[in-house]
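Here is a friendly walk through a model of several chains. Have the structure open beside you as you read.

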Amino acid sequence: MATVSLQGLKKSFGKTDVIHDVEIDIADGEFIVIVGPSGCGKSTLLRMVAGLETVSAGEVRIGDRQVNDVEPMDRDIAMVFQNYALYPHMSVFDNMAYGLKIAKVPRSEIEARVAVAAKLLQLEPYLQRRPRELSGGQRQRVAMGRAIVRKPAVFLFDEPLSNLDAKLRVQMRLEIKQLQRDLGVTSLYVTHDQVEAMTLADRMIVMNGGVADQIGAPLEVYANPATAFVAGFIGSPPTNFLDASTFAPGAPQGAQLGIRPEHVVLSGDGTGHRAKVLYAEPLGAESLIYARLESGDNITIRQDGALPTPAEGETVSVAWDKDEEMQFAKDGRRI
Amino acid sequence: MEKRVRFKGLWLPLLLVMPQLLITAVFFFYPAGQAIWQSLFIPDPFGLSMRYVGLGNFEFLLSDPFYRASFVTTAVFSILVTLVSMGVALYLAVLADRLIKGSGTYRTLLIWPYAVAPAVAGVLWLFMFNTRVGVVTWYLGVLGYDWNHVLNQGEAMGLVVVASAWGRISYNFLFFLAGLQAIPRSVIEAAAIDGARFWTRFRTIVFPLLSPTTFFLLVVNIVYAFFETFGVIHTITSGGPQQATTILVYKVYADGFVGQDLGSSAAQSVILLVIVGILTIIQFKYIERRVHY
Amino acid sequence: MAERHGMVERRGVGLWLTHLGLIVGVAFIFFPIWLAFVASTVSQPEIVSPPMPLWPGDQFVENYSKALVSGVNAPVARMLLNSAIMAFGISLGKIAISLLSAFAIVYFRFPGRRLFFWLIFLTLMLPVEVRIVPTYEVAANFGMLNSYSGLIFPLIASATATFLFRQFFMTVPDELAEAARVDGARPMQFFIDILLPMSRTNIAALFVILFIYGWNQYLWPLLITTDPEMNTIVMGIKQMFPSGDDIADWPVIMATSILAMIPPVVVVIGMQKLFIRGLVDSEK
């Protein structure tokens with residue numbers, strides 16, 4: 001078990017900077033999710049913690065040790081890869097045991113540790129199989145097992161669920177969460193899926209173009225996005241962005257007004273802004289209504305599924321509570 | 001294409017490439033350089049010293065009627081070997097491709113002459129056409145034809161061509177069959193529905209679609225005929241009669257080892273080197289194109 | 001398959017003609033070998049008074065034991081051994097050095113890597129026949145005449161196998177090497193534990209091709225082995241023909257030819273799938 005600390009972390013390939021100044025102190029046992037669109041540098045950040053990428057500036061600390069120049073195997077970490085990276089010619093048992101064999105752990109202990117992990121992951125019947133004889137979910141578990149048996153101080157997950165189908169993804173997400181709680185191992189988890197991020201994280205790092213736009217607990221990030229990017233990326237359907245000069249007089253030049261779909265309501269009394277309904281999506285528990293304001297801005301409204309939905313082409317009035325408005329400056333920062 | 005992962009280390013990779021580097025340097029680069037160097041000298045009559053002659057060896061070679069004849073011989077030989085082996089192979093592959101069942105059996109029956117060394121193939125054909133005991137020679141005699149490749153230049157050429165082409169049929173057959181089986185059936189069926197008969201289909205659809213394979217085999221077979229048929233020539237005719245079957249590679253050997261004319265032999269090696277280089281470039285151009293498809 | 005061919009498939013007479021055509025082809029391929037086999041089972045007088053029989057005789061044991069035990073210049077058993085050592089030496093040696101150098105150029109960055117890459121690139125396709133005289137001199141200077149190392153080493157100096165393994169290593173996912181690094185594997189542990197087992201099929205396919213290449217060498221053994229005891233079987237056959245007008249001992253020569261074919265043919269037929277794969281790979 002260990003704390004992890006990233007201080008002024010930078011990475012550049014030649015002249016291009018891909019990671020700018022990431023700073024975070026991770027507590028022992030904390031589950032951190034690094035989330036962002038593809039190309040935002042989230043995988044690179046994780047790989048720098050793993051020791052698979054070199055650090056251009058700043059430092060990575062695991063426990064009380066600075067590990068910038070320490071080989072991956074000596075960092076006391078374990079990693080679960082996106083494609084699982086199972087050794088195709090080895091049995092499930094050998095895949096899990098390989099790292100321990102190299103570390104010259106006695107045979108009896110290897111067997112004991114693999115047995116514990118296999119039980120935990122329900123892999124016991126498959127120990128002698130090859131990876132290609134397993135289903136996607138089982139392979140995923142083997143990759144987890146390989147990480148668990150090493151009893152590392154830190155787990156690193158690089159989009160571990162992205163190759164699974166939607167249903168399995170939800171199930172494995174729960175299992176990972178449960179496992180991490182039970183083992184209490186500090187974890188860093190990379191994903192592009194904001195639902196995974198929201199459900200798994202104790203705290204999340206929202207990455208945008210190599211910069212950590214915001215670091216915080218999921219609900220706090222959701223409720224209080226630090227930048228327009230975060231407001232747009234976290235939450236589905238995304239935050240509505242409106243021209244602030246029209247809807248919030250007095251806002252600075254070029255500012256944007258953000259308002260979450262669930263905060264917009266159809267006002268039955270005709271107050272608020274007039275909008276024309278483009279189409280409506282009844283989803284059962286909730287309905288999404290897409291409309292165009294007279295200003296030309298599009299707006300999404302999320303309402304309870306039991307409420308009546310307006311017809312396409314109908315003109316409605318929409319309104320929101322001023323307190324729910326978020327203003328973002330031209331450069332994206334929250335005002 | 002580069003790997004994202006790389007291991008650290010300086011001495012380990014150098015150690016790893018060392019065996020190949022050493023063997024290649026000693027048995028490849030040094031001899032190849034030596035061939036180029038020697039081609040610029042001629043030994044004095046007693047073999048005691050070498051005299052620098054610049055491109056003299058090349059000038060002499062290119063004006064030497066025997067060498068020029070050997071060039072023509074090589075060209076004729078290579079073209080014939082390539083045509084015969086590819087022609088027979090294509091014919092068999094087209095037939096095998098038409099079978100639903102059994103093409104695998106024929107493939108097994110047809111591929112194994114690939115394993116027969118050219119020199120052994122030479123001995124087999126020499127035996128059949130031997131002027132004294134050959135079975136084929138005898139039956140030809142019954143038919144009134146007096147076969148004697150030891151004296152008749154045309155017959156000698158014919159025999160080495162057939163013996164060289166024989167062992168090569170398997171190789172070409174394999175590639176042609178694979179090429180034919182890669183052609184989508186729907187294309188051929190569409191042509192059949194359009195009313196094209198077998199021969200028309202073959203000419204207008206199958207053969208054009210097969211052209212990458214054909215071109216590849218053309219180059220590979222020419223290389224084979226140039227360099228790997230030494231064993232056939234040496235066992236059957238030893239380059240005779242009157243040098244009628246002395247191909248370039250055989251002449252390098254004959255002049256260098258039998259005639260001990262090192263300068264000329266080296267110059268011949270250099271010329272062969274250039275020919276190989278050209279063929280290699282053609283082949284790589286072709287591969288590049290295939291990759292870009 | 002049936003669906004694949006469908007309506008274009010020949011039926012009735014056409015089908016039989018197809019088979020007939022193929023059988024003629026197979027017969028053409030087989031006839032010389034059949035004749036050699038027949039000749040290896042009959043006596044010398046039956047051959048020298050043509051036409052020789054076209055059906056095997058009863059001298060099989062005599063001819064083959066005579067060939068194997070005494071041969072003409074050297075026992076064929078000895079030549080078979082020489083050929084086996086040469087073929088195994090060339091195939092295993094080439095595979096070994098190629099695996100190592102391909103591993104180095106794919107998984108390391110070291111000074112001179114590019115140069116090395118181009119150097120071995122140059123050796124592609126340049127057959128030993130072309131640089132025969134100077135290579136012979138090198139071998140002679142090293143005292144390699146009439147030795148196994150002389151038979152083997154000069155024929156290992158080519159880069160086709162290195163390129164093949166390089167191609168294959170490039171297709172191995174990066175994440176496997178990273179997983180191995182996280183697992184604590186040193187480079188050579190990764191090579192031996194992960195990369196080698198994963199390359200099994202490629203190694204086997206290449207082995208088939210190289211074994212035949214090595215076994216069938218002719219010119220090089222002809223130059224470098226003057227001692228009949230060091231002859232390989234493929235080149236030794238020609239040495240069994242008498243000089244001048246003497247009549248060759250055909251039954252023994254033909255028995256030797258059959259013996260020379262058996263090992264490579266067994267390898268090709270026995271490992272047919274790997275052989276075809278190796279052939280296609282090595283021409284890419």
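In what order do the 6 strands of the open sheet in chain A stand? The order is β6-β7-β8-β3-β9-β10 in chain A, and the pairing is mixed. Helices (H or I, at least four residues) and strands (E, at least two) are DSSP runs numbered from the N terminus, and two strands pair if DSSP finds at least two bridges between them. As background, strands of a sheet pair through backbone hydrogen bonds, either parallel or antiparallel.

Before going further, please keep in mind that this is a predicted model, in which local features need pLDDT of at least 70 and side-chain atom pairs count only at pLDDT 80 or more, while totals for chains, interfaces and linings use all residues. Residues are numbered from 1 along each chain as its sequence is written, and chains are lettered from A and ligands numbered from 1 in the order in which they are written.

**The sheet in chain A**

At the edges of this sheet stand β6 (77-80) and β10 (211-216) of chain A; each has a single partner strand, so one side of each is left without a neighbour in the sheet. From one strand to the next, the twist averages 15 degrees. Strand β9 (residues 203-208) of chain A runs antiparallel to β10(A), and 5 bridges join them. Within this pair, I205(A) stands opposite I215(A). Helix α4 (residues 136-149) of chain A packs on the sheet, where it touches β6 and β7 (154-158) of chain A, and its direction makes about 180 degrees with that of β6(A). Such angles run from 0 to 180 degrees between N-to-C directions, with axes being lines fitted to C-alpha atoms, for helices over the stretch in contact. Two residues are in contact if their C-beta atoms, placed from the backbone, lie within 7 Å.

**Another strand pair, and a proline beside it**

Elsewhere in chain A, β11 (residues 240-243) and β12 (residues 256-259) pair in the antiparallel sense over 4 bridges. L242(A) stands opposite L257(A) of β12(A). N240(A) and L242(A) make up the covered face of β11(A), while F241(A) and D243(A) make up the uncovered one.

P237(A) sits in the loop between α8 (228-233) and β11 of chain A. Is P237(A) buried, exposed or partly exposed? It counts as partly exposed, with 14 C-beta neighbours inside 10 Å; a residue is buried if 20 or more other C-beta atoms lie within 10 Å of its own, exposed if 12 or fewer, and partly exposed in between, with C-beta atoms placed from the backbone. Leaving aside neighbours within four places in sequence, P237(A) is in contact with P261(A), L288(A), T300(A) and R302(A). P237(A) and E262(A) are 25 residues apart in sequence, and their C-alpha atoms are 9.3 Å apart in space.

**The nonpolar cores**

A nonpolar core is a set of buried Ala, Val, Leu, Ile, Met, Phe, Trp, Tyr and Cys residues joined through C-beta atoms within 7 Å. The largest has 246 residues, of which I34(A) and V120(B) touch the most other members. Helix α7 (residues 153-181) of chain B gives the most to this core, with 16 residues. Leaving aside neighbours within four places in sequence, the contacts of I34(A) include L188(A), V190(A), I205(A) and M207(A).

**Where the chains and domains meet**

Of the 2 pairs of chains in contact, B and C share the most contacts. Chains A and B do not touch, and their nearest C-alpha atoms are 8 Å apart.

Chain C is divided into domain 1 (11-69) and domain 2 (76-282), with bounds that come from an automatic or database domain assignment. Their centres, taken over C-alpha atoms, are 32 Å apart. The table gives the residues on either side of three contacts.

| Contact | One side | Other side |
|---|---|---|
| Chains C and B | 86 residues of chain C | 82 residues of chain B |
| Chains A and C | 17 residues of chain A | 14 residues of chain C |
| Domains 1 and 2 of chain C | 16 residues of domain 1 | 13 residues of domain 2 |

The side of chain A that touches chain C has 14 nonpolar, 3 polar and no charged residues. Here Ala, Val, Leu, Ile, Met, Phe, Trp, Tyr, Cys and Pro count as nonpolar, Asp, Glu, Lys and Arg as charged, and the others, Gly among them, as polar.
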